[in-house]
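Got the viewer open? Let's walk through this one selection by selection.

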Amino acid sequence: MANVTVIGAQWGDEGKGKIIDWLSNRADMVVRFQGGNNAGHTIVVGNQTYKLSLLPSGVVQGKRSIIGNGVVVDPWSLLDEIARVGAAGLKITPDILVLAENAVLVLPLHRELDTMREDAASQKIGTTKRGIGPSYEDKVGRRALRAIDLKDVASLPAKIERLLAHHNVLRRGFGHAEVDAAALLAALKDIAPKITPFIGSSWRELDAAKRASKRVLFEGAQAVLLDIDHGTYPFVTSSNTVAGQAAAGSGVGPREIGTVLGIVKSYTTRVGEGPFPTELKDATGEKLGERGHEFGTVTGRKRRCGWFDAVLVRQTVICGGVDGIALTKLDVLDGFAELKVCIGYELDGKKLDYLPADANEQARLKPVYETLEGWSESTQSARSWAQLPPNAIKYVRRVEELIGAPVSLLSTSPDRDDTIMVRDPFIGR
Ligand code: IMP
């Protein structure tokens, strides 16, 4: 079996877009399986930069691309994105894009609730305010609207009534005006004909792909430390981001997801609130942020930066089911005299080799560092091991050893071609 699943192995923004684009060249089909337009994947091809949010990265290569049932879809945002990439020369037609009929819709009321809650909270999550959490809540609460409902607009008033019975209570509690049911119905009727041509069946598409021996790339968004179960709860997103979700979120069995590639940045970043043991609030952190252009793709927020935390990645390799990693942004570490890597924590005088589940304990962790020699040479745009300085190779080897997973790919610039392949994730060698 030749499928590959890509997941983020830190707090997101590891450079998944570039790696997924690189891999989708070798795939026949690309499938998103969780998250929504909280994701932002940047793909650079020559002098053209594409910023994708909901569209699977396969669209850049013209590959059949599925938005799976595990994704929550803001249909207005999807249409905007289709128009935006269309203006940049990518024509998205139903031949290329399929939206799972059983994917849940994100509505304006979800974005509003996300914003109301964040604005009112004394302890904010730092969400992207795209309505992701509230729409997943409605999915689990069995009152959500789904893509398929746009094919049967006559059924919408009853479904809207059920949904608003819940939301209007919350909105009154926030002192916010109730949702105008007629206006929501009209807005949905307006976009229905534009969305319905894309609606199809994710599981049937994937079954047909399997029968035709096609290679499928499952594209994760966010990352394991933002996973609703395995992340730094409550400072997490509202979906499962681990590799297992690739199966549930698209309609295949767990054995179909293939090799799991975890994307790992050579240092650590986080956007939004929550614990971050190796965070550097000093000139070194600033330097990492400047050199790595660490600003959020979706919200433009400045990302928090810190040294590589091997304890966290070792844990996400285990929980995420990672077989090998793609190590990104090694070039950002060029020119540092020495580099620190976190190899354990101290909590109230005790040593730990894992991230405890309690948020208060996570906030009190003191990192224990190992120091490695840096390198003065440039690794930028290196395309083979031979072009890397010996200390950069030592850094990569030490990372592999500490996290318990081998490097499959090494990325040395945002450009598609600046990639060193150690073993092909599609064939495992
Ligand atoms: P939400 O997904 O908008 O609910 O946000 C929850 C948390 O996940 C916040 O800390 C966000 O900053 C973070 N988050 C959501 N999507 C991404 C992403 O694509 N990259 C990095 N962080 C993200």
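## Starting in a helix

Begin with helix H12, residues 390-403: arginine 398 and glutamate 401 are 3 residues apart there, so about one helical turn separates them. Keep in mind that you are looking at a predicted model. Show both side chains and you'll find a salt bridge between arginine 398 and glutamate 401, with the closest N and O atoms 2.4 Å apart. Colour by accessibility and arginine 398 comes out partly exposed, at 24% relative accessible area, while glutamate 401 counts as exposed at 57%.

Side chains of opposite charge can pair when their charged atoms come close. The structure holds 26 salt bridges, and a few more of them are on this route.

## Another pair, then a network

Next, select glutamate 346 and lysine 351. Their side chains meet in a salt bridge too, at 3.5 Å from N to O. Glutamate 346 is partly exposed, with 32% relative accessible area, and lysine 351 is exposed at 64%.

For something bigger than a pair, select Asp13, Lys265, Glu294, Arg303 and Lys329 together: salt bridges link these residues in a network.

## A stop at a tyrosine

Now go to tyrosine 354, in the loop that runs between strand S17 (350-352) and helix H11 (359-364). Is tyrosine 354 buried, partly exposed or exposed? Its relative accessible area is 43%, which makes tyrosine 354 partly exposed. Setting aside neighbours within four places in sequence, the contacts of tyrosine 354 are Val311, Gln315 and Tyr345. Put a distance label on one of them: glutamine 315 is 39 residues from tyrosine 354 in sequence, yet their C-alpha atoms are 6.8 Å apart.

## Zooming out to the domains

Time to colour by domain. Domain 1 takes 4-100 + 199-260, domain 2 covers 104-196, and domain 3 spans 265-421. Hide domain 2 for now and look at the other pair. The C-alpha centres of domain 1 and domain 3 are 24 Å apart.

How many residues of domain 1 are in contact with domain 3? Select them and you get 38, facing 39 residues of domain 3. The size of an interface is often given as the accessible area lost when the parts come together. Here, about 2,900 Å² is buried between domain 1 and domain 3, and carbon and sulfur atoms give 60% of that area.

Switch on polar contacts across this interface: 17 residue pairs turn up, both partners at pLDDT 80 or more. On the side of domain 1 that touches domain 3, the elements giving two or more residues are helix H1 (16-24), strand S3 (41-45) and strand S11 (259-265). H1 supplies the largest share of that side, with 4 residues. Colour that same side of domain 1 by class and you'll see 18 nonpolar, 14 polar and 6 charged residues.

## Last stop: the salt bridge from H1

The count of salt bridges between domain 1 and domain 3 is 2. For a closing view, select aspartate 21 and arginine 416, which form a salt bridge with their closest N and O atoms 2.7 Å apart. This pair links distant parts of the chain, 395 residues apart: aspartate 21 sits in helix H1, and arginine 416 in the loop between strand S19 (407-411) and strand S20 (419-421). Aspartate 21 is buried, with a relative accessible area of 1%. Arginine 416 has 18% relative accessibility, so arginine 416 counts as buried, the cut-off being under 20%.

Terms used
Residues are numbered from 1 along each chain as its sequence is written. This is a predicted model: local features need pLDDT of at least 70, side-chain atom pairs count only at pLDDT 80 or more; totals for chains, interfaces and linings use all residues. Side-chain values use heavy atoms; hydrogens and water are left out. Domain bounds come from an automatic or database domain assignment. Contact means heavy atoms within 4.5 Å. Buried area is the accessible area (1.4 Å probe) that two parts lose on being put together, summed over both. A salt bridge is a side-chain nitrogen of Lys or Arg within 4 Å of a carboxyl oxygen of Asp or Glu. A polar contact is a pair of N or O atoms within 3.5 Å; within protein, one must be able to donate a hydrogen and the other to accept it, and residues adjacent in sequence count only if both atoms are side-chain atoms. Ala, Val, Leu, Ile, Met, Phe, Trp, Tyr, Cys and Pro count as nonpolar, Asp, Glu, Lys and Arg as charged, and the others, Gly among them, as polar. Buried means under 20% relative accessible area, exposed over 50%, partly exposed in between (1.4 Å probe, protein chains only).
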